[in-house]
Amino acid sequence: MRYEPIPTKLFSDRRESFTGKMVPGSIAVFCSNDPMPRNGDQFYPFRQDSDLFALCGLDQPGTIIVLYKDAKRKSNHALAFILPQDPEHMIWHGERYSLKKAREISGISSIYTLDQWDKIMPELFGSVKSIYIHPRQQDRFETHVLSQNDRMGEKLKQQYPHHTFSAAQPIMQQLSMIKHPAEIALLKKAVEVTGSAFENVLQQIRPGMKEYEVEADLNYVISKHGCQHAFE
């Protein structure tokens, strides 16, 4: 893992806050970002969808979480679907979550592999009248590349044409405005590490240095503390 474990309560509390704002008889579906190809056999560094991460903390591609406000079975209040573990994938790209590890990180007890989606979800979708989807909000730029959330939304609209569809983004925006105590602690750490990184640069910088040398000094401290850049 690229960073220290995040308290599971952050994710479970966020899920509870989201479901508290859902209309009765509804399900919400959130998908992970896609890995973006770089060339024939390599991908750009993966960056998880921020809203999915805020709800479960699962930081890998091929992840879907489902929130079911009025599920009769407690185990169906929150579900997650992940890619199965693959020994060959582990050799070249690293280990995927086990079902046990995904439960520990997310606090979601009902974890399944993606190949079980078609066995589990049709019955649940058939028991509700409304579905929250999470299409990309293109407020600052336009792209012709559809996200997994975009594709999922179109697929569900075709499969369930008589359901009502709503965007999950307005609820997530409301929730993001009030920070969880665990989130505040993480923000404080990020500020502290950022300050240390710039102090290190000030100590190392000399006339004639290249920008990439300064960048290396900055990145060293950030990576050493298990952090990543918030933006490029």
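A crossing of two helices is called right-handed if the near helix is turned clockwise from the far one by less than a right angle. In this predicted model, that is how α1 passes α7. The contact itself involves Arg14, Ser17 and Phe18 of α1, together with Ile171, Met172 and Leu175 of α7. Sorted by class, that gives 4 nonpolar, 1 polar and 1 charged residues. As for geometry, the axes of α1 (residues 8–19) and α7 (residues 169–176) come within 10 Å and cross at roughly 130°, which makes α1 oblique to α7.

Now to the salt bridges: the whole structure has 5 of them, including these.

| Pair | Closest N and O atoms |
|---|---|
| Aspartate 13 and lysine 9 | 3.2 Å |
| Arginine 14 and glutamate 183 | 2.8 Å |
| Aspartate 34 and arginine 151 | 3.0 Å |

Aspartate 13 and lysine 9 sit 4 residues apart in α1, about one turn of the helix. Lysine 9 counts as exposed because its relative accessibility is 53%. Arginine 14, by contrast, is buried, and glutamate 183 is too. This second pair ties α1 to α8 (residues 181–204) across 169 residues of chain, and Arg14 and Glu183 join Lys179 in a salt-bridge network. The third pair links aspartate 34, in the loop between β1 and β2, with arginine 151 in α6, 117 residues apart. Aspartate 34 is partly exposed at 22%, as is arginine 151 at 38%.

One last stop is glycine 107, in the loop between α4 and β6. Glycine 107 is partly exposed, with a relative accessible area of 42%, and it touches Thr8, Arg15 and Ala102, leaving aside residues up to four places away in sequence.

Methods. Residues are numbered from 1 along each chain as its sequence is written. This is a predicted model: local features need pLDDT of at least 70, side-chain atom pairs count only at pLDDT 80 or more; totals for chains, interfaces and linings use all residues. Side-chain values use heavy atoms; hydrogens and water are left out. Helices (H or I, at least four residues) and strands (E, at least two) are DSSP runs, numbered from the N terminus. Buried means under 20% relative accessible area, exposed over 50%, partly exposed in between (1.4 Å probe, protein chains only). Contact means heavy atoms within 4.5 Å. Axes are lines fitted to C-alpha atoms, for helices over the stretch in contact, and angles run from 0 to 180 degrees between N-to-C directions. Angles under 35 degrees count as roughly parallel, over 145 as roughly antiparallel, 65 to 115 as roughly perpendicular and the rest as oblique. Ala, Val, Leu, Ile, Met, Phe, Trp, Tyr, Cys and Pro count as nonpolar, Asp, Glu, Lys and Arg as charged, and the others, Gly among them, as polar. A salt bridge is a side-chain nitrogen of Lys or Arg within 4 Å of a carboxyl oxygen of Asp or Glu.
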